[in-house]
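Got the viewer open and a hand on the mouse? Here is a walk through the model, one selection at a time.

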Amino acid sequence: MAEKPTSKSMDLKRRQLLKFAGATAAVGGLGLHVGLARAAQGDDEDILDIAIIGAGMAGLTAARDLLNAGCRSFQVLEARERVGGRVLNYDLGSGYISEVGGQWIGPGQTAVADLARELQVDTFPTYYQGKTVVLGGEGRVEIDLQGTFGTDERIGAKLSELSRSVPSGKPWTSSKVNELDKLSAGEWLAQQDIKPEDRSGWDTSFMLTCGVAPAKMGLLHFLSMINSANSDYMKLDSIKDSAQGTRFVGGSQILCTRMAEQLGDRVRLACPVRAISEWDRDIVTLHTDQGLIRARRVIVAIHPALCNQVRFEPALPEGRAALQRAWPAHSPARKTAMVYKRPFWRDKGLNGHTMQVKGPLLWAWDNSPPTGEIGVINAFVVNAMLPSDHQAAQQVLTEIYARSLGEEALQPVGYHDHDWGLADPWSLTCVSAIPPGFWSAHGESLRPPCGNLIWSGTETADIWAGYMDGAVRSGHQSALQALASLRRA
């Protein structure tokens, strides 16, 4: 027999009703009151166990894990009209591709390597045999860097040793955090008595790895990146046996497209999440361009700074909100691909790699397919020094390649130019150039869930944060968190 309601319990329910009405009115100020009303009237059959925001490598990995674990009540919501996030292939025709975003893996990146094997995606080594060309002013030098970028091994050894005290997953817990997090990498390099001609190499290396000059990169964060590479700087910043050493047959995006194929209609494209309400209650409501979606748990697998484009009701805890506001998102990168009938530079003992000192070309490399049927030179370029018009940019680059590789470079058969800063509103940055002081102020707010929101994405990974491997690891972790949380509930 049900107990008769007491005046105290009736008063409690009355207060809860008033609190709900107040919350609805507050959300109404954001233009979401209709959605909340509909959500309150829905049936349990409409409620997902888990919603995943983002169909990049992290979100799709999490979804695939849920499917393999027997979970069927989930959906992946992707704002773009494609999957892959910051990995993207460009179709060169005749079955060939060139990677537009992230493309390499290396030693220790076992999570993404395992995923590739499961998806039956083969790998092959990045081509680096032969001499690299360095251009400076009117000068040109050929040098055999033996699969490295030519940075000073003495300084690299110092960085490796320092990195041992900086845990990759939690750099803010380092015993030297007070000393290291107040310095930029540039300030530290200035203390190392580096020759001017060598310093330009370090500047280029940081631009390639971190997306910014050393002066804007926090030393603590850079050391945490090296810590991921088994505290060996050369494993992070080289080609041979390094993080840039291996490519995927068919391009890196093939991992995402194959996962999406397995997930089928559980992936919704062109479905940006504009607002998340009631994340602190049993059922979370997602307000999307395709209507309302309700779920018991939400995996947020997008860049931390991109979370600023989502309205949260109620507001997120100040620590998490401050982390998102402060997260840097100013390194979108621009990547080009020049296509030739064949990799003619190999016949000259050149590896196709070119570095230019104080010019529009940061680094160009041989990005040809595995057996070299056609020749492809990919490059990271300095946006401010290269015309935004693609035809004009192609002309500038072909002239640089002609100086570097020979007159044959003036006869390309194709060109592609992808500026991530203009690609779409959902790709804010390719890498995260964490500044000095960031981790001391915000590190503790990176991973703890907020209500039923679980934070994912490569930036949250314990190791290889910022890399494809970190994305896969974070996807595995967030799927485990969501399933364990539902089991407890």
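Select Trp464 to begin. This residue counts as buried, because its relative accessibility is 2% and the cut-off for buried is under 20%. What you have in front of you is a predicted model, so treat each stop as a look at a prediction. Trp464 sits in a loop, with β19 (453-455) on one side and α16 (468-488) on the other. Check its backbone too: phi is near 55°, a positive value in a residue other than glycine. Most residues other than glycine have a negative phi.

Next, pick Asp241, another place to check the backbone. Its phi is positive as well, about 50°, although Asp241 is not a glycine. You'll find Asp241 in the loop that runs between α10 (233-236) and β8 (246-248). Is Asp241 buried or exposed? Neither quite fits: Asp241 is partly exposed, with a relative accessible area of 48%.

Now for a peptide bond. Select Glu313 and Pro314 together: the bond from Glu313 to Pro314 is cis, with omega near 0°. Most peptide bonds are trans. Pro314 belongs to the loop between β13 (311-313) and α12 (318-326).

Time for a helix. Highlight residues 57-68, which make up α3. How far apart are its end C-alpha atoms? They are 16 Å apart, and that agrees with the 16 Å expected for 12 residues at 1.5 Å a residue. Turn on the surroundings and you can see why α3 is described as largely enclosed by the rest of the structure: 11 of its 12 residues are buried. Among the buried ones are Met57, Leu60, Arg64, Asp65 and Leu67. Step just past the end of α3 and click Gly70, where phi is positive at about 95°.

Move on to Gly218, in the loop between α8 (196-210) and α9 (219-228). Gly218 counts as buried, with a relative accessibility of 1%. Which residues is Gly218 in contact with, leaving aside neighbours within four places in sequence? Show Leu183, Ser184 and Ala185, then add Ile434, Pro435 and Pro436. For a longer view, draw a distance from Gly218 to Trp365: their C-alpha atoms are separated by 28 Å, and the two are 147 residues apart along the chain.

Val177 is the next stop, in helix α6 (residues 177-180). Val177 is buried, with a relative accessible area of 13%. Beyond its neighbours within four places in sequence, Val177 is in contact with Pro171, Trp172, Leu220 and Ser440. Now draw a line to Trp439: Val177 and Trp439 are 262 residues apart in sequence, but 8.8 Å apart in space, C-alpha to C-alpha.

Finally, zoom out to the whole chain. Colour by secondary structure and you should see 16 helices and 19 strands. Along the principal axes, the C-alpha atoms fill a box of roughly 90 × 55 × 40 Å. The radius of gyration is 25 Å, which agrees with the value near 23 Å for a compact globule of 489 residues. Of those 489 residues, 54% count as buried. Taking contacts between residues at least 6 apart in sequence, 73% join residues at least 24 apart.

Switch on the surface for a last look: the chain exposes about 21,600 Å², with carbon and sulfur atoms supplying 51% of it. Then colour by charge to pick out 50 positive and 53 negative side chains, two sets whose centres lie 5 Å apart.

Terms used:
Residues are numbered from 1 along each chain as its sequence is written. This is a predicted model: local features need pLDDT of at least 70, side-chain atom pairs count only at pLDDT 80 or more; totals for chains, interfaces and linings use all residues. Side-chain values use heavy atoms; hydrogens and water are left out. Helices (H or I, at least four residues) and strands (E, at least two) are DSSP runs, numbered from the N terminus. The radius of gyration is taken over C-alpha atoms; the globule rule is 2.2 Å times the number of residues to the power 0.38. Buried means under 20% relative accessible area, exposed over 50%, partly exposed in between (1.4 Å probe, protein chains only). Contact means heavy atoms within 4.5 Å. Accessible areas come from the Shrake-Rupley method with a 1.4 Å probe; for residues, only the protein chains shown count as cover. Lys and Arg count as positive and Asp and Glu as negative; His and the chain ends are not counted. The place of a charge is taken as NZ of Lys, CZ of Arg, CG of Asp or CD of Glu. The expected span of a helix is 1.5 Å times one less than its number of residues.
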